[in-house]
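Grab a viewer and get ready to work through a few short exercises. Try each task yourself before reading on to its solution.

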Amino acid sequence: YAKGNDDDVDRVLTDLGKEQAEATGRRLKELIDAEKIPEIEKLYYSTMIRATQTANAMKPFLPPLDKPGQYQPCSMIREGAPIPPVPSISKEAWNVSEIDFHRDGTRIEAAFRSHIHRSDKDKDKDNDSKTNTNTSTVLVCHGNVIRYIVCRALQLNPEAWLRFSVANSSITI
């Protein structure tokens, strides 16, 4: 967890991180080609350096995202502390203040509300036809953000966000 932009500039991808990001791009392409996930309509990436580098490493392996607004940065999905977790973490293990939770939580909740939507029932009816209009939105972001969004999307208590594990360059659908 990096507070502020100053700490972020030194947190770049390692060579292994670049390999993992490329593998993630290849895997997303495989999933699209196999029709396991719908075509990517939009890809948003965190404005933190590692996520930006990850998105850039993934992009060459994905179908073209060259229409305006298809591939863009999003400051709402920067890493942060979304909500005080239950069970709590000691201050020695993780020094996050109530102000951090309020600031980050408000931003990350706004990201959830902006990017996560239920599928349109009318579009679902087209699933049997070749004119399926469902699409995917990809968020290239950070573990805390992903775990919080998963809790919210599954309608679980969001305070449980820290009970999930998210590996580097993993795919959560």
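Here are three exercises, each with a worked solution.

Residues are numbered from 1 along each chain as its sequence is written. The model is predicted, so local features need pLDDT of at least 70 and side-chain atom pairs count only at pLDDT 80 or more, while totals for chains, interfaces and linings use all residues, and side-chain values use heavy atoms, with hydrogens and water left out.

**Exercise 1.** Work out what span the 19 residues of α2 should have, and compare it with the distance between the end C-alpha atoms.

Solution. Helices here are DSSP runs of H or I, at least four residues, and strands are E runs of at least two, numbered from the N terminus. Take 1.5 Å times one less than the number of residues. For α2 that should give 27 Å, and the end C-alpha atoms are 27 Å apart, so the two agree.

**Exercise 2.** Find which residues of α2 are buried and which are exposed.

Solution. Buried means under 20% relative accessible area, exposed over 50% and partly exposed in between (1.4 Å probe, protein chains only). Start with the buried set: Gly17, Ala21, Thr24, Gly25, Leu28, Leu31 and Ile32. They cover an arc of only 125° around the axis (taken from the directions from the helix axis to the C-beta atoms), so they sit on the same side of α2. On the other side, Asp15, Leu16 and Asp33 are exposed.

**Exercise 3.** Place Gln70 and list what it touches.

Solution. Gln70 is in the loop between α3 and β2, buried at a relative accessible area of 11%. Leaving out residues up to four places away in sequence, its contacts (heavy atoms within 4.5 Å) are Ile40, Glu41, Lys42, Leu43, Pro64 and Leu65.
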